[in-house]
Amino acid sequence: MRVLVTGKTGQLACSLVDRARSFPHISVIPLGRPDLDLEDPDGTEARIFAEKPDIVVNAAAYTAVDKAESDPSTAHAVNAILPTVLAQYAQQHGARLLHYSTDYVFDGSGTHPHRETEPVHPLSVYGQTKADGEVGIQQHLTRYLILRTSWVMGVHGGNFLKTMLKLAAEREQLRVVADQVGVPTPARLLARMGWLALERCRQADVAASSPSPWGLYHLAPRGETTWCDYARLVLTEAQARGWSLKAGPQQVTPITTAEFPTPARRPANSRLDVSRFEQTFDVVLPPWEDGVRTILDELRSLAP
């Protein structure tokens, strides 16, 4: 089975490809720049058609949230047009599509975990383009998986966890936003659960099961935290593993979003209700703290 994974240098795509190596029946085709010009829909479509994948996993995204405010055309091309092109390929060739989306499709109002059935209301260009990508897929396909997640962290690529380690090694004090609530999600968990959900959906197709489990789901670990408390846990666990840091958890000062203005507005509430995913695919998602410790263990093992 040929599986094409986009965004091959990103933290999520790297985890997806790593996980796929354990499946002998899967031949993975990782593509990214310059393999795909994500701003050229015709060229992208031609390359996808040439590879003839049975499954397309879209892990590519324009994730520079603030830069998207001044570069909306590129963000739209990558986050909205590309998923639509992939969906069109899947529709024409009977392929299946797994696409990753974001909590930024919501405006972050309230204090409840957002459910899949809630209307979207993005606050930023990034959030709007990701919401448009979801619509593009849903307009062309009935058999798709869209997994919305939040605060992705991992060993590969750049992310908040690695930024905190870097800054804490350089500075004696850190100031971190404490009034945005969400769930840090390991890229490896997203990869593992994505492959699991795909396989369950494929099995349902073979068995002609009804109703089909294809659809849109929220996927993140259990629990919740703020960016500030997240940073404190990272530094606590890093010190316990021998990292030499100038700033520890006691040197992380909480601040408000208003004290750290950014071009793009962030949702204050990024909680996601993951019960539908757990019930449909018969899994129990781990607490978010486990992911922090696992990533730090792996980063420590890779340190020279």
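The largest cavity has a volume of about 40 Å³ in this predicted model. In total, two cavities of 30 Å³ or more are present in the structure. The lining of the largest cavity is formed by Ser-15, Gly-154, Val-155, His-156, Ala-187, Arg-188, Ile-295 and Glu-298. Two elements, α7 (187–206) and α10 (288–302), each supply two or more residues to this lining. In terms of residue class, three of the lining residues are nonpolar, three are polar and two are charged.

The chain that encloses these cavities contains ten helices and twelve strands. Its C-alpha atoms occupy a box of roughly 55 × 40 × 40 Å along the principal axes. The radius of gyration is 19 Å, in agreement with the value near 19 Å that a compact globule of 304 residues would have. The overall dimensions of the chain are therefore those of a compact globule, as judged by radius of gyration.

Burial and contacts were examined next. Of the 304 residues in the chain, 53% are buried, where buried denotes a relative accessible area under 20%. The accessible surface of the chain amounts to about 13400 Å², and carbon and sulfur atoms account for 51% of this surface. When contacts between residues at least 6 apart in sequence are considered, 82% of them link residues at least 24 apart.

Key
Residues are numbered from 1 along each chain as its sequence is written. This is a predicted model: local features need pLDDT of at least 70, side-chain atom pairs count only at pLDDT 80 or more; totals for chains, interfaces and linings use all residues. Side-chain values use heavy atoms; hydrogens and water are left out. On a 1 Å grid over the protein atoms alone, a cavity is a set of points where a 1.4 Å probe fits but cannot get out, and a pocket is an open set with protein on both sides within 12 Å along at least five of seven lines; lining residues have an atom within 4 Å of a point. Grid points are joined across faces, edges and corners, and a volume is the space filled by probe spheres set on the points. Helices (H or I, at least four residues) and strands (E, at least two) are DSSP runs, numbered from the N terminus. Ala, Val, Leu, Ile, Met, Phe, Trp, Tyr, Cys and Pro count as nonpolar, Asp, Glu, Lys and Arg as charged, and the others, Gly among them, as polar. The radius of gyration is taken over C-alpha atoms; the globule rule is 2.2 Å times the number of residues to the power 0.38. Buried means under 20% relative accessible area, exposed over 50%, partly exposed in between (1.4 Å probe, protein chains only). Contact means heavy atoms within 4.5 Å. Accessible areas come from the Shrake-Rupley method with a 1.4 Å probe; for residues, only the protein chains shown count as cover.
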